[in-house]
Amino acid sequence: MMLHDIHEALTALKFGGIMIYPLMALAVLALAVVLDKAFVYWRYVRLPADLLGLVETYNFAWPDLARRLTALGPRNYFGRFFQVILANRAQPSWWVESRAGDEAQQIEKSLARGLWVLETTVTGAPLLGLLGTIIGMMNAFRLIGSNGLVDPGGVTGGVAQALIATAIGILIAVIALFAFNFFSRLQAQALDEMERLGTRLIDRIRLDRQEKEVRREVA
């Protein structure tokens, strides 16, 4: 039954006209971006619960944090961001905030890579489908000569070609739109979480310095 449905779908695509090819190319590109994004967020934009709990508190040892960040690996985006703060924690606070901001911008660019393909697919696929519709209708009208309808089957095929191209273009655009909004939302959530936790680490750096100053004054 499934093979029969696939065969019918492929047969229907044959009647979609020349616009089916760029539409399929867009669909393949969009699918590649979706799979790449899904893998990146699953593998490299994750923060273990124990590390999150550690950063949420102000009572942790910096060496313990460094050990856990090293275990995340160099490609984990949270690990990259926290490592920048950790490596510059001896510098003034404004310096730490500046370096963390630079790293956050680089991470934002990395997470946004490929989203333009989905955004282009959202607008381009319906237009290609519409172009396929126009071509299909032109082919159908061409069969209606001065003597009237000379090839009813050809007219029907032209109308079908127009409808198939439009339907496929809209379907690809809708899927790309959901994927674009989904990954844009994940990107915003990840950056917001980095900013919130980064602020906690910088607050911890300030607290450490205040405690050192108090001990120095007491001594």
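Is S110 buried or exposed? This question opens the first of four exercises on a predicted model, in which local features need pLDDT of at least 70, side-chain atom pairs count only at pLDDT 80 or more, and totals for chains, interfaces and linings use all residues. Residues are numbered from 1 along each chain as its sequence is written, and side-chain values use heavy atoms, with hydrogens and water left out.

**Exercise 1.** Classify S110 by accessibility, and identify its helix and its contacts.

*Solution.*
Step 1. Buried means under 20% relative accessible area, exposed over 50%, and partly exposed in between (1.4 Å probe, protein chains only).
Step 2. The relative accessibility of S110 is 14%, so this residue counts as buried.
Step 3. S110 belongs to helix 6 (residues 93-112); helices (H or I, at least four residues) and strands (E, at least two) are DSSP runs, numbered from the N terminus.
Step 4. Contact means heavy atoms within 4.5 Å. Leaving aside residues up to four places away in sequence, S110 touches K37, Y77 and R80.

**Exercise 2.** Describe the chain as a whole.

*Solution.*
Step 1. The chain contains eight helices and two strands.
Step 2. Their order along the sequence is α-α-α-α-α-α-α-β-β-α.
Step 3. Of its 219 residues, 35% count as buried.
Step 4. Consider contacts between residues at least 6 apart in sequence: 78% of these join residues at least 24 apart.

**Exercise 3.** Determine how helix 5 (residues 77-87) is enclosed, and how it packs against helix 6 and helix 4.

*Solution.*
Step 1. The buried residues of helix 5 are Y77, F78, G79, F81, F82, V84, I85 and L86. Because eight of its eleven residues are buried, helix 5 is largely enclosed by the rest of the structure.
Step 2. At the start of helix 5, the backbone nitrogen of F78 has a side-chain oxygen of N76 within 2.9 Å.
Step 3. Axes are lines fitted to C-alpha atoms, for helices over the stretch in contact, and angles run from 0 to 180 degrees between N-to-C directions. The axes of helix 5 and helix 6 come within 8 Å and cross at roughly 165°.
Step 4. Helix 5 and helix 6 are therefore roughly antiparallel, a term for angles over 145 degrees.
Step 5. On the helix 5 side, Y77, R80, F81, V84 and I85 take part; they meet V96, R99, A100, E103, A104, Q106, I107, S110 and L111 of helix 6. By class, this contact has nine nonpolar, two polar and three charged residues. Here Ala, Val, Leu, Ile, Met, Phe, Trp, Tyr, Cys and Pro count as nonpolar, Asp, Glu, Lys and Arg as charged, and the others, Gly among them, as polar.
Step 6. For helix 4 (residues 62-72) and helix 5, the axes come within 10 Å and cross at roughly 145°. W62, L65, A66, L69, T70 and L72 of helix 4 make the contact with G79, F82, Q83 and L86 of helix 5. Seven of these residues are nonpolar, three are polar and none is charged.

**Exercise 4.** Characterise the packing of helix 2 (residues 20-44) against helix 7 (residues 115-142).

*Solution.*
Step 1. The two axes come within 10 Å and cross at roughly 155°.
Step 2. Helix 2 and helix 7 are therefore roughly antiparallel to each other.
Step 3. Helix 2 contributes P22, L23, L26, L29, A30, V33, V34 and K37, and helix 7 contributes L115, V117, L118, T121, G124, A125, L128 and G129.
Step 4. The contact of helix 2 with helix 7 comprises twelve nonpolar, three polar and one charged residues.

Terms used
A polar contact is a pair of N or O atoms within 3.5 Å; within protein, one must be able to donate a hydrogen and the other to accept it, and residues adjacent in sequence count only if both atoms are side-chain atoms. Angles under 35 degrees count as roughly parallel, over 145 as roughly antiparallel, 65 to 115 as roughly perpendicular and the rest as oblique.
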